[in-house]
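Thanks for asking me to look this one over. Here are my notes, in numbered points.

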Number of protein chains: 2
Amino acid sequence: MPDPNHIRQVYDRYPELLNKGDVDGILALYADDATIEDPIGSDLRRGRDAIRAFYEASTGSVTMKRTGPVRVAGREAATPLVVLMGPEGQQQALDIISTMSFDEHGKITAMRAFWSFDALRPATPED
Amino acid sequence: MPDPNHIRQVYDRYPELLNKGDVDGILALYADDATIEDPIGSDLRRGRDAIRAFYEASTGSVTMKRTGPVRVAGREAATPLVVLMGPEGQQQALDIISTMSFDEHGKITAMRAFWSFDALRPATPED
């Protein structure tokens, strides 16, 4: 079973790496045959090439922050996040919950993101 | 596809009904053959009798509050919650994320709860 503190650290590293645009760093968190469903309902992306393409497309233009504690349950975890996008002064915010499953080495085997664009809202000073 | 606003209402009703101990009200939110995995990693409970037994055992002794927006993604949704338990002045808090899947009638077909007892912490005035 992966260490709960390791899982919490992954969820701190993940927004940090995303905000820096460090796609290699993000890929190192994932198992080779991992899957991503982001947002839920979209086509499943599987494996390193698909995961790299996904993050290369999504990093650089958004800022992600964790907004509450990581909830760990065995091999799985869920975390509330907010993603900020758009120019300073006109930023938009999207509330997301991400769930991840982990293998025995602590690598992410599956990531699913709960959000939809119809929940996009103006960012507030609290974001 | 279920209406996103209906899904958000279910996630407002759910803690209300739980806090009142209204097990019939909770059951009415679920489809007949729904499953519950609470916490994740425990045995799956399936169907009305198992769901009734689960909520009869868990209501009455805890208070649940939603702590952030419901994230809806198509037929699924995720919500951050806190559960408070124990006597006044010595209350403990447990941070939970619940995910639900819905059928075309807006009934819950699956509920999964991300938490573990090792994350139990003293309740604060903000809870």
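The points below cover the ground rules, the symmetry, the interface and one buried residue.

1. This is a predicted model, in which local features need pLDDT of at least 70 and side-chain atom pairs count only at pLDDT 80 or more, while totals for chains, interfaces and linings use all residues. Residues are numbered from 1 along each chain as its sequence is written, chains are lettered from A and ligands numbered from 1 in written order, and side-chain values use heavy atoms, leaving out hydrogens and water.

2. A turn of 180° with a shift of 0.0 Å along the axis lays chain A on chain B with an RMSD of 0.0 Å (least squares on C-alpha atoms of residues with pLDDT of at least 70 in both). That is how a two-fold axis relates copies. In chain A, the C-alpha of A:Pro80 lies nearest the axis, at 3.5 Å.

3. Together the chains bury about 1,700 Å², 60% of it on carbon and sulfur atoms (accessible area, 1.4 Å probe, lost on being put together and summed over both parts). On the side of chain A, A:Arg71, A:Ile97 and A:Phe114 lose the most area, together 36% of what that side buries.

4. The rule finds two salt bridges across this interface (a side-chain nitrogen of Lys or Arg within 4 Å of a carboxyl oxygen of Asp or Glu). B:Glu76 and A:Arg112 meet in a salt bridge at 2.8 Å, N to O.

5. A:Asp38 is buried but has no salt bridge; A:Arg45, the nearest side chain of opposite charge, is 6.4 Å away (buried: under 20% relative accessible area, 1.4 Å probe, protein chains only; Lys and Arg count as positive, Asp and Glu as negative, with His and chain ends not counted).

Technical notes: Buried means under 20% relative accessible area, exposed over 50%, partly exposed in between (1.4 Å probe, protein chains only). Buried area is the accessible area (1.4 Å probe) that two parts lose on being put together, summed over both.
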